[in-house]
Amino acid sequence: MEILKVENLSKSFGGFKAVDGVSFSLRELEITALIGPNGAGKTTLVNLISKKLEPDTGRIIFRGMDITKLSPHAVTRLGIVRTFQVVSLFPTLTVYENLKVAALASGTSTKEIEGIMSDLRLEKFKDTRVAQLPFGLQKLVELGIALALKPKLLILDEPAAGLTYEDRKNLVKMLRDIGKRVTLMVIEHDMEVVFGLADRIMVMNRGKIIADGRPEEIASNKLVREIYLGEG
Amino acid sequence: MIIRDVNLALIIALTALLLLVPLTGDRFYIYITSLFMIYSLFALSYNLLFGYAGLLSFGHAMFFAVGAYATALFTLKVLRDPLVGLVVGVLSSIPVALVVGFLTLRHTRVYFAILTLAFGMLVYALLVKWRSVTGGTDGLTGIPKRGVIIDISSPTAYYLFILTFFTITTIGLYLFIKSRWGLLVRALGANEDRLPFTGHSLLFIRLYTFLVSGLTASLSGSLYAIFMGVVTPDIAYWTFSAEPLVMTLLGGASYYLGPVLGAFIFITLTTIVARYAEYWLLLLGLAVIAIVIGFRGGLGGMLVSILYIVRERSGVWGRWRYSRLKI
Amino acid sequence: MDLDAFLVQLIVGLYKGSFYWLLAVGLTLIFGVTRIINFAHAAFFVMGGYLMYTFYNYTGSFILSLVLSSITTGLLGVLSEVILIRRVYRLEPIYQLLLTFGIALVVNELQKIIWGKFPKYLSIPDYLKGYISIGGVNISYYSLTIIILGFLVFLSVYAIINMSLWGLRVRAVWRDKTMAQILRINPYAVYTSTFFLGTALAGLGGSLMIALHPVGPGLGDHLIIYAFIVVVIAGLGNIVGAYITSLLVGVVSSLATWLLPEVDILIVYSIAALVLLVRPEGLFGER
C-alpha cells in the first residue's frame, strides 16, 4: 500500500537546483533510508515533504490526498511527522511539557505520554527543563515529540548524529520497533545504522535519486560506490 | 492552608498587604497604590505578549486607550455606571484585537513590532482628530464613579473596586498561563519555528494570546478611566506603550510576577523619586541599558539569584528543591 | 484649486521631506549594515540641533557650526556604538531594539539636563534670509537651500556607497557579513564608520532644522515615528527608495495638512499601515 507518493518535485535556490524532479513512492510500514553525500538535497527533500518549504514544481500525495498546498501544521496533523537534524526543542519547557505540546495537537493522553517517556527511558527527567539536558537525551526528546504526534509517516533527519556507539545500537533497536507500527524514512550517514535498519535504500546526489533498491543491491551498485569512494 | 504554588502564594500575600492600605486613611497612598495596581495589570498583559509569547509590541497603549475611551464614552453618553462601563471597556478590545491581530500577526516578529507602532499611532491620531466624539486633545472628563448599579465615589470604595479586579485578573491570568492554552503560548515564545511541526497553527496561538493580552490591557485602561475620571489621547501615544515594556524589563520578563515588581519600581521612581530627582527618566534609561547588557532577568532575576546564593550558603530553604521554585 | 498655495505646500513638503531624508538615511544605512534598528537615531538628530545652537552662539559662524555639530553628533553616535551597541550584536533583535530605546531615553534626558527644558531656536543667518519669487509665489532661500542640500546628500551618499572603496566594503557587509569577513573585510570597522556617517547626517539635519523650527524635549519622540514610517514604507535598506519616500511622505503630509487638516496625521499613519500590510518589504525594499 502506497502511503506517500512524490511526483516530479523540484526546488531551486537562486540558480542552484537543490531538488531536481524527484519522484518516488513509499510503501506502508517499509523502512526506507535516504542516503547521499552532503549537499545532495536530502534535507531539502524532507523540508518539501513536511512543507517547511514550498516546492517549485511537483505534487505530494499522502494516503491518497494531495497535500502540496497545505501548511506545515496541517500536514503534521495528517500524520507526516519529521524530526530535525539540529535538535529543535522548546528549551524553557520540561521534557513532559515538550511532549505535551505535541500531544495537544494529536490527542495523545497523559498515560500515552508517560508510556513514550518510559520507552525512551526519560521518566527520570520528566520535570527537567530540556535546555539543561545533555545532547544525547535531547535527541531522545526530539524523538519523543515525534512519537507523541502519533505519526503515520515518520521522517527522521540524521537521528544518530552525535550519538555514542552504545546509543546508536539502542537507537537502531528502538527504531526497528517503531518501524513495525509506523512507516519510517531515515536520513543517515552512518552506514551501520542504515544497513541495520533499512528495508530499502534511496540514494540521492545533486538533487536527484540515482539509486533505489534493497540494501544488498545498493551496496554493490557501481554508481553509488563511485560517489562514496571514488570521485566524492 | 498550604499553597504549593509560589506565585499564587505571592499573589495572596500581596492582596493581603494591599488590603491594609486603605486602613492608613492616607489619600496619597491610596491614590498611588491604585495606580500601581492598574499599571501592574497593564504590565502583566504586556508580558503575556512579550515574555511568554515572544512578541514585542510598541502599540500596546492602543488597548489601554480603547478600554479607557470606551468606558468613558459609554458612561458619559449611554449609561452612567462604572461597573457596566468597565464591562463595555473590556469587551471593546475584542474587535480591536481580532482586526489588528489578524492583520499584524502574520508577519515576522520585527515587522510585527513596527506594525504595532504604526497601528498604535493610528489610534492616537484617531483620538486626537475625532474631536466631536473623543474631545480631541482635551479628551473626555467627568467619568462617573457613582452609578446606577454601584457607587464607588469614596477612596476606599474605588480602591477596593480596583483591588478586586486586580486580584481576580492576576490569578486568572496565571491560571491561563498554567493551562494547556498557556503551555502553547510558552511554546510559542520558546521556539516558534518548531511549533508548526508539532501540529499547531502559529497564527491561531498568536491570535488568542493577543486577544487575552488585549482584554487585560483594556481592563486596566477602563479602571484607569474610572479612577482618573478623565481620559486624554496621550494614553495612546507610543511612549506610553513603552512604559509596560520598561516595567516588565525592570521586574524580569521571565517571571510571572516580574511585571508587578517592575510596576512597583516604576511608580516609585516616577512619583516619589521624581520629587527629588528630576531626571528619573535618565535613571530609567540607564536601568534599561544596564538590564539589556547585564541583567536580562531584571530585578526579579537578581532576587532569584540572591535566593539561590542564600540557599547554597546556609541551607536555610532546606526542604525546597530547585524545581519547586517555579516563578 | 489655488495653484500658488499648492506650490507653497509643495515646497514645504519638499523641505520637510528633505529633513525626513536626513533622518532616514542614517537609519537605513545603519540597519542595512548592522541589522539594528536604532531607536536612538532621532535623539541624535535633535542633538544636532542643540549642538548647532551651542556652536553658533560660540562661533557666530553658521557654516562652521553646521560642520562642527554634524561631526560631533557623528562622534557621539560612534561612542554609543563602541561602548554599548557593540555588545548586543549577537543578541536577539528585540534586545537590540530595547538597548537603543534605552539610549534614546538617556540622550533625551541628557539634552534636558544640559540645555534645559525650554526649546532652543536660532534665526536664519542673514545671507540666507530672503525670498525668491517663482511664479508669483515667495519661496524662502533657506527652504531651497535645504532641498538642494538634501539632494546633494543623496547624490553623495549614493556615490560613496556605489563608487568608493569604503562603499564597496559597506555593500559587502550589507550583503553577507560572513563572506565579507572571509574576504578580509573587518565588519566592525564598517559598522563603526557607518554609524559615524549615519549619525552625522542626522546631526546635520537637526542642525539645519533649528533655524526653522525650535528644538526641544519631545521633538525626538515625534520625529522617530516619521523616520520609522519613511524607512518602513520605503523598505528597510534601500537608499534611493528612502530618498524618494522621504520626499513623498513630506509632500503628502504637507498637502494633507493643507487640504484635510482634520485628518492629516491620520492619513500618513494609515498609508504607512496600508503599505506595511500589503507589501511588508516596503515599496522599494529588499527583505
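Which residue in the turn between β1(C) and β2(C) has a positive phi? Gly135(C) does, at about 55 degrees, and the two strands around that turn form a hairpin with two residues between them. Before going further, some housekeeping. This is a predicted model, where local features need pLDDT of at least 70 and side-chain atom pairs count only at pLDDT 80 or more, while totals for chains, interfaces and linings use all residues. Residues are numbered from 1 along each chain as its sequence is written, and chains are lettered from A and ligands numbered from 1 in the order in which they are written.

Back to that hairpin in chain C. Its strands, β1 (131-134) and β2 (137-140), pair in the antiparallel sense over four bridges. Tyr131(C) sits opposite Ser140(C) of β2(C). As for the vocabulary, helices (H or I, at least four residues) and strands (E, at least two) are DSSP runs, numbered from the N terminus. Two strands pair if DSSP finds at least two bridges between them.

Chain A has plenty of strand pairing to look at. Start with the open sheet of four strands, ordered β2-β1-β4-β5, with antiparallel pairing. At its edges are β2 (16-27) and β5 (65-66) of chain A, each pairing on one side only. Strand β1 (residues 2-13) of chain A runs antiparallel to β2(A), and eight bridges join them. Here Glu2(A) stands opposite Arg27(A). Helix α1(A) packs on this sheet, touching β1, β2 and β4 (57-62) of chain A, and its direction makes about 65 degrees with that of β2(A). Touching, or being in contact, is meant in this sense: the C-beta atoms of two residues, placed from the backbone, lie within 7 Å. For the angles, axes are lines fitted to C-alpha atoms (for helices, over the stretch in contact), and values run from 0 to 180 degrees between N-to-C directions.

Chain A also has an open sheet of six strands, in the order β6-β7-β8-β3-β9-β10, and here the pairing is mixed. The edge strands are β6 (80-82) and β10 (208-213) of chain A. On average, neighbouring strands of this sheet are turned by 20 degrees against each other, direction ignored. Towards the β10 edge, β9 (200-205) and β10 of chain A pair in the antiparallel sense over five bridges, and Val203(A) has Ala211(A) as its bridge partner. Helix α1 turns up here as well: spanning residues 42-49 of chain A, it lies across β3 (31-35), β6, β7 (153-157), β8 (183-187) and β9 of chain A, running at about 145 degrees to β7(A).

How do the chains meet? Of the two pairs of chains that touch, B and C have the most contacts. Chains A and C do not touch, and their nearest C-alpha atoms are 15 Å apart. Between A and B, 23 residues of chain A are in contact with 16 residues of chain B. On the chain A side, α2 (72-78) and α3 (95-106) are the elements that give two or more residues, and α3(A) gives the most, with seven. By class, that side has 11 nonpolar, seven polar and five charged residues. Here Ala, Val, Leu, Ile, Met, Phe, Trp, Tyr, Cys and Pro count as nonpolar, Asp, Glu, Lys and Arg as charged, and the others, Gly among them, as polar.

On to chain B, with its 14 helices and two strands. Of its 327 residues, 51% count as buried. Among contacts in chain B between residues at least 6 apart in sequence, 77% join residues at least 24 apart. For a helix pair, try α11 (238-251) and α13 (280-293) of chain B, which pack at an angle of about 55 degrees with their axes 10 Å apart. The two helices are therefore oblique to each other (angles under 35 degrees count as roughly parallel, over 145 as roughly antiparallel, 65 to 115 as roughly perpendicular and the rest as oblique). Val246(B), Leu249(B) and Leu250(B) in α11(B) meet Leu284(B), Ala287(B), Val288(B) and Ile291(B) in α13(B). By class, this contact has seven nonpolar, no polar and no charged residues.

Last stop: Ile114(B), in helix α6 (109-129) of chain B. It counts as buried because it has 24 C-beta neighbours inside 10 Å (20 or more other C-beta atoms within 10 Å means buried, 12 or fewer exposed, and in between partly exposed, with C-beta atoms placed from the backbone). Leaving aside neighbours within four places in sequence, Ile114(B) is in contact with Phe228(C) and Val232(C).
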